[in-house]
Amino acid sequence: MNKEINRIRVVLSELNIKHKWLADKMKKNPSTISLWCKNERQPSLETLIEIAKVLDVDARLLIKSTK
């Protein structure tokens, strides 16, 4: 099973934003954001929506398509 579920790293890269910036904006530990970016852990759906708001993107961009 492919464990890459989210596209947070890809979206951050496309927006030229560092995960440290996202951690600061969300008041999260940078290591937590790093784990999400590496798909070693997954944020909750509510957190994905919060990330989308901070990045000003559609939340669907943060989830890898199943098709």
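Where does Thr47 lie? Select it in the predicted model: Thr47 sits in helix α4.

**Stop 1: Thr47**

With a relative accessible area of 12%, Thr47 is buried, because the cut-off for that label is under 20%. Show the residues around Thr47. Setting aside residues up to four places away in sequence, Thr47 touches Met26 and Trp36. Then draw a C-alpha to C-alpha distance from Thr47 to Ala59: the two are twelve residues apart in sequence and 10.0 Å apart in space.

**Stop 2: Ile51**

Stay in helix α4 and select Ile51, which lies in that helix. Ile51 is buried, at a relative accessible area of 0%. What does Ile51 touch, not counting residues up to four places away in sequence? Its contacts are Ile8, Leu22, Met26, Trp36, Pro43 and Leu62. Met26 is therefore worth keeping on display, as it is listed among the contacts of Thr47 and among those of Ile51. For a distance, pick Lys25: Ile51 and Lys25 are 26 residues apart in sequence, and their C-alpha atoms are 9.3 Å apart.**Stop 3: the α2 and α4 pair**

Colour helix α2, residues 19-26, and helix α4, residues 45-55. At what angle do α2 and α4 pack? The angle is about 105°, and the axes are 11 Å apart. That places α2 roughly perpendicular to α4. To see the contact, show side chains on both helices. From α2, the residues are Trp21, Leu22, Lys25 and Met26. They meet Thr47, Glu50, Ile51, Val54 and Leu55 of α4.

**Stop 4: Ile49 and the nonpolar patch**

Select Ile49, also found in helix α4. Is Ile49 buried or exposed? Neither label applies: Ile49 has 38% relative accessibility and counts as partly exposed. Add Ile5, Leu45 and Ile63 to the selection and turn on the surface. Together with Ile49 they make a nonpolar surface patch of about 340 Å².

**Stop 5: salt bridges**

Side chains of opposite charge can pair when their charged atoms come close. How many salt bridges are there? The count comes to three.

- Select Lys20 and Asp24. Their closest N and O atoms are 3.0 Å apart, in a salt bridge. Both residues lie in helix α2, four residues apart, which is about one turn of the helix. Lys20 is partly exposed at 45% relative accessible area, and Asp24 is partly exposed at 47%.
- Select Arg7 and Glu14. This salt bridge has its closest N and O atoms 3.7 Å apart. Arg7 is partly exposed, with a relative accessible area of 24%, whereas Glu14 is exposed, at 57%.
- Select Arg60 and Asp58. Their side chains meet in a salt bridge at 2.6 Å, N to O. Arg60 is exposed at 65% relative accessible area, while Asp58 is partly exposed at 35%.

**Stop 6: Leu15**

Move to the loop between α1 (8-14) and α2, where Leu15 is placed. Leu15 counts as partly exposed, at 36% relative accessibility. Which residues does Leu15 contact, leaving aside its neighbours within four places in sequence? They are Leu55 and Val57. Leu55 has come up before, on the α4 side of the contact with α2. Between Leu15 and Val57 the C-alpha to C-alpha distance is 9.9 Å, and the two are 42 residues apart in sequence.

**Stop 7: two positive phi values**

Finish with the backbone. Select Lys27 in the loop between α2 and α3 (30-37). Lys27 is not a glycine, yet its phi is positive, about 55°. Its relative accessible area is 76%, and Lys27 is exposed.

Now go to the segment after α4 and select Asp56. What is the phi of Asp56 near? It is near 60°, a positive value in a residue other than glycine. Asp56 counts as exposed, at 69% relative accessibility.

Definitions and conventions
Residues numbered from 1 in each chain as written. Predicted model: local features only at pLDDT ≥ 70, side-chain atom pairs only at ≥ 80, totals over all residues. Heavy atoms only, no water. Patch = residues over 30% accessible without salt bridge, like charges linked within 9 Å, V, L, I, M, F, W, Y side chains within 5 Å. Areas by Shrake-Rupley, 256 points an atom, 1.4 Å probe, with all protein chains shown as cover. Salt bridge = Lys/Arg side-chain N within 4 Å of Asp/Glu carboxyl O. Buried < 20%, exposed > 50% of the residue type's maximum accessible area, 1.4 Å probe, protein only. Axes fitted to C-alpha atoms, helices over the stretch in contact; angles between N-to-C directions. Parallel < 35°, antiparallel > 145°, perpendicular 65-115°, else oblique. Contact = heavy atoms within 4.5 Å.
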